[in-house]
Amino acid sequence: MNLSAGGPFWQRMAGAGALGVLAAFGLAPLGIWVATLAALICLPRLFLSCETRGRGAWLGWAFATGYFGYALIWIVEPFMVDPERHAWMAPFALVFMAGGLALFWAAAFWLAKSPGRSASAQIWLLVLVLSLAEFARGYVLTGFPWAGLAQIWVDTGAAQMLALVGPNALGALTLAIALPLGLSLAGWRGTRALAGHALPALLFAAAALGYSATRPEVTSTGKTVRLIQPNAPQHQKWDPAYAPVFFQRQVGFTAEGARPDLIVWPETSIPVWLENAEQTLSVIADAAQGSPVVLGIQRRGGARIYNSMIYLDESGAQVGLYDKHHLVPFGEYVPFGDLMARFGLYGFAANAGQGFSSGPGARLIQLGALGRALPLICYEAIFPQDILAAPDRPEMLLQITNDAWFGTWSGPYQHLAQARMRAIEQGLPMIRTANTGVSAMIDPLGRIEASLPLGEAGYVDAQLLAPVSPTLYARTGDSPVLLLLIVLTLGLLRITRPAGR
């Protein structure tokens with residue numbers, strides 16, 4: 001395949017798509033971060049071969065479509081829960097999702113492509129505007145930052161830099177170390193030029209190694225948390241023939257062994273509505289034998305329904321409530337849902353009209369002697385801004401989730417990777433229970449201290465780790481990095497403006 005400037009453009013588009021797929025190999029469960037860097041290093045040659053801005057945009061769209069298409073392949077899994085009704089929509093959902101997210105990259109490539117600027121200026125401009133596009137992807141239309149470039153580093157020492165600069169900045173640094181190296185492949189020859197292009201990568205490696213070595217020691221709180229994992233497949237979870245089996249399984253896990261300081265059940269782990277759950281909660285409290293319990297349940301509030309988390313204290317009384325506020329579009333609610341319902345279109349996890357309603361926002365919940373936790377229900381853990389929005393610093397993050405929707409390949413592992421990132425960013429431990437896995441106790445440095453494998457029923461008693469000092473990112477958030485990217489972009493546009501403009 002000829003990918004040079006003289007080759008057919010469709011071949012360059014296909015090459016860009018293939019590179020995008022390769023770039024996604026850096027994400028969980030493969031975690032081959034070298035593949036992501038290699039794909040990004042090859043990208044400038046294709047980008048610089050584009051004769052016009054329009055072609056540059058199409059090339060960026062092709063790369064990103066390949067990247068998101070492979071990264072989000074798990075998105076077909078919800079359609080397989082009820083295949084007779086929904087399977088036909090699966091390929092369309094994947095194509096539209098990948099192609100839609102790729103529009104952010106297409107816009108960045110269009111802005112960066114400027115035949116009047118030098119190759120170096122165009123590549124550095126691409127680094128900056130693509131970083132801004134990734135920022136936008138996390139916020140526009142409620143945001144969807146899944147598969148951000150920073151996620152490739154989660155199993156490496158470079159992940160600790162999340163504590164300094166956060167995920168958007170780490171993604172920008174990833175672009176900054178890879179794309180300039182691609183200039184050498186694009187025709188910039190010579191040892192001096194290669195050394196200059198490699199300098200950002202060398203500085204990044206040194207900073208990552210140096211900072212990871214300075215991270216503090218993690219200590220235990222002396223408290224034990226039991227993570228409950230019932231392993232209820234989504235197609236059976238609400239089936240009247242199976243729901244009691246999964247419930248009794250969790251009750252049995254709750255009652256076993258020595259008493260932990262807290263027991264945590266996953267998202268929507270109770271097969272009844274909160275308003276009708278008095279007897280059910282009594283059964284749980286009896287099984288807990290004096291241990292407090294956190295669990296996921298659905299509830300009604302007037303005409304609205306909520307995806308909620310409740311806390312039962314040592315006596316079994318409900319003393320804490322949190323309603324999920326960052327809902328999954330087309331999963332937990334459908335825009336113009338009452339109208340869409342007339343055509344038979346509902347959210348997968350909702351069961352009528354508009355679907356679930358949003359809670360009031362980030363809230364802390366008191367977990368007795370363990371301290372305060374920031375509750376996160378499923379999808380909320382992928383948004384660093386939702387954690388930054390907490391009214392005060394908690395002692396821990398607490399995620400309950402039902403990853404049965406995500407299947408058994410990449411989705412659950414990518415979700416876990418993002419949970420680990422949130423722990424590093426805040427310097428906080430995370431308690432994570434997932435219906436089908438992976439349930440885990442994550443320390444403030446993002447390391448998994450105890451876990452239950454995907455697709456297995458069981459429980460694990462894990463030591464709750466103490467938080468470390470507030471990180472720089474926890475104190476500053478994304479605003480300084482966003483401002484810096486905007487200033488650098490405007491400055492580069494000005495100093496590299498082609499003559500006569």
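Helices here are DSSP runs of H or I with at least four residues, numbered from the N terminus. With that in hand, let's work through some exercises on this predicted model.

**Exercise 1.** Find where Thr-496 sits, and work out which residues it touches beyond its sequence neighbours.

*Solution.*
Step 1: Go to helix H17, which covers 479–495; Thr-496 is in the segment after this helix.
Step 2: Set aside the neighbours within four places in sequence, and Thr-496 is in contact with Arg-117 and Ala-121.
Step 3: Now look at the side chains of Thr-496 and Arg-117, which are joined by a polar contact of 2.8 Å.

**Exercise 2.** Compare the span of helix H11 with the span expected at 1.5 Å a residue.

*Solution.*
Step 1: H11 runs over residues 243–255, which gives 13 residues.
Step 2: The expected span is 1.5 Å times one less than the number of residues, and for H11 that comes to 18 Å.
Step 3: From the first C-alpha to the last, H11 reaches 19 Å, close to the expected value.

**Exercise 3.** Decide how the buried residues of H11 are arranged around its axis, and what they pack against.

*Solution.*
Step 1: Pick out the buried residues of H11: Ala-243, Phe-246, Phe-247, Gln-250, Val-251, Phe-253 and Thr-254.
Step 2: Look down the axis of H11; these buried residues fall within an arc of 165°, so they line one face of the helix.
Step 3: Follow that buried set outwards, and you find it packing against strand S1 (220–229), helix H10 (234–237), S2, H12 and strand S12 (458–465).
Step 4: Finally, step just past the end of H11, where Gly-257 takes a positive phi of about 65°.

**Exercise 4.** Locate Thr-268 and Cys-378, then say whether each is buried or exposed.

*Solution.*
Step 1: Thr-268 is in the loop between strand S2 (262–264) and helix H12 (278–288), and its phi is near 40°, a positive value in a residue other than glycine.
Step 2: Buried means under 20% relative accessible area; Thr-268 has 9%, so it is buried.
Step 3: Cys-378 lies in the loop between strand S7 (372–377) and helix H14 (384–388), with a positive phi near 55°.
Step 4: The relative accessibility of Cys-378 is 8%, so Cys-378 counts as buried.

**Exercise 5.** Which peptide bonds, ending at Pro-29 and at Val-438, are cis, and where do these residues lie?

*Solution.*
Step 1: The bond from Ala-28 to Pro-29 is cis, with omega near 5°; Pro-29 is in the loop between helix H1 (9–23) and helix H2 (33–49).
Step 2: Gly-437 and Val-438 are joined by a cis peptide bond with omega about 5°; Val-438 is in the loop between strand S9 (430–434) and strand S10 (439–442).

Key
Residues are numbered from 1 along each chain as its sequence is written. This is a predicted model: local features need pLDDT of at least 70, side-chain atom pairs count only at pLDDT 80 or more; totals for chains, interfaces and linings use all residues. Side-chain values use heavy atoms; hydrogens and water are left out. Helices (H or I, at least four residues) and strands (E, at least two) are DSSP runs, numbered from the N terminus. Buried means under 20% relative accessible area, exposed over 50%, partly exposed in between (1.4 Å probe, protein chains only). The arc is that of the directions from the helix axis to the C-beta atoms. Contact means heavy atoms within 4.5 Å. A polar contact is a pair of N or O atoms within 3.5 Å; within protein, one must be able to donate a hydrogen and the other to accept it, and residues adjacent in sequence count only if both atoms are side-chain atoms.
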